[in-house]
Every structure is written in structure tokens, then in C-alpha cells.
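Hi,

Here is the structure I promised to pass on. Have a look at it first, then read my notes below.

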Amino acid sequence: MTQKINVSEKTIKRELAILQEKGILSREGGRKEGRWVILNKKE
């Protein structure tokens, strides 16, 4: 992913954490075989 969008791993981790805090993303499963889920957030 870092090569595809030309940013550092640290930046990706930071952005994922922000999306989790906002309730937009959720992590399901374990570290190796888990997946990210986009949550349906109605406003």
C-alpha cells in the first residue's frame, strides 16, 4: 500500500487510526487474517 499511494507506513497507520476513532472503519479478526470493514454511518 505504501508504494501504491507513495506515503510512509507511519502515515497509513495514523490515518487508519483516525478513521477508526471516527467510526468509519473497524478491524475484524486477527492480525494476520483479519480485515478492515467500512461501517455504514448514517448522518
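**Salt bridges first**

The side chains of R35 and E28 come together in a salt bridge, 3.1 Å from N to O (that term means a side-chain nitrogen of Lys or Arg within 4 Å of a carboxyl oxygen of Asp or Glu). Keep in mind that this is a predicted model, where local features need pLDDT of at least 70 and side-chain atom pairs count only at pLDDT 80 or more, while totals for chains, interfaces and linings use all residues. Residues are numbered from 1 along each chain as its sequence is written, and side-chain values use heavy atoms, leaving out hydrogens and water.

R35 is exposed, at 53% relative accessible area, and E28 is partly exposed at 37% (buried is under 20%, exposed over 50%, partly exposed in between, with a 1.4 Å probe and protein chains only).

How many salt bridges are there by this rule? The count is 2. K13 also pairs with E9, with the closest N and O atoms 3.1 Å apart. Both K13 and E9 sit in helix α2, 4 residues apart, or about one turn of the helix (helices are DSSP runs of H or I, at least four residues). K13 is exposed, at 53% relative accessibility.

**The loop before α2**

Now look at N6, in the loop between α1 and α2 (9-21). N6 has a positive phi of about 60°, although it is not a glycine. Is N6 buried or exposed? N6 counts as exposed, because its relative accessibility is 70%. As for I5, you'll find that residue in helix α1 (residues 2-5).

Cheers

Key: Helices (H or I, at least four residues) and strands (E, at least two) are DSSP runs, numbered from the N terminus.
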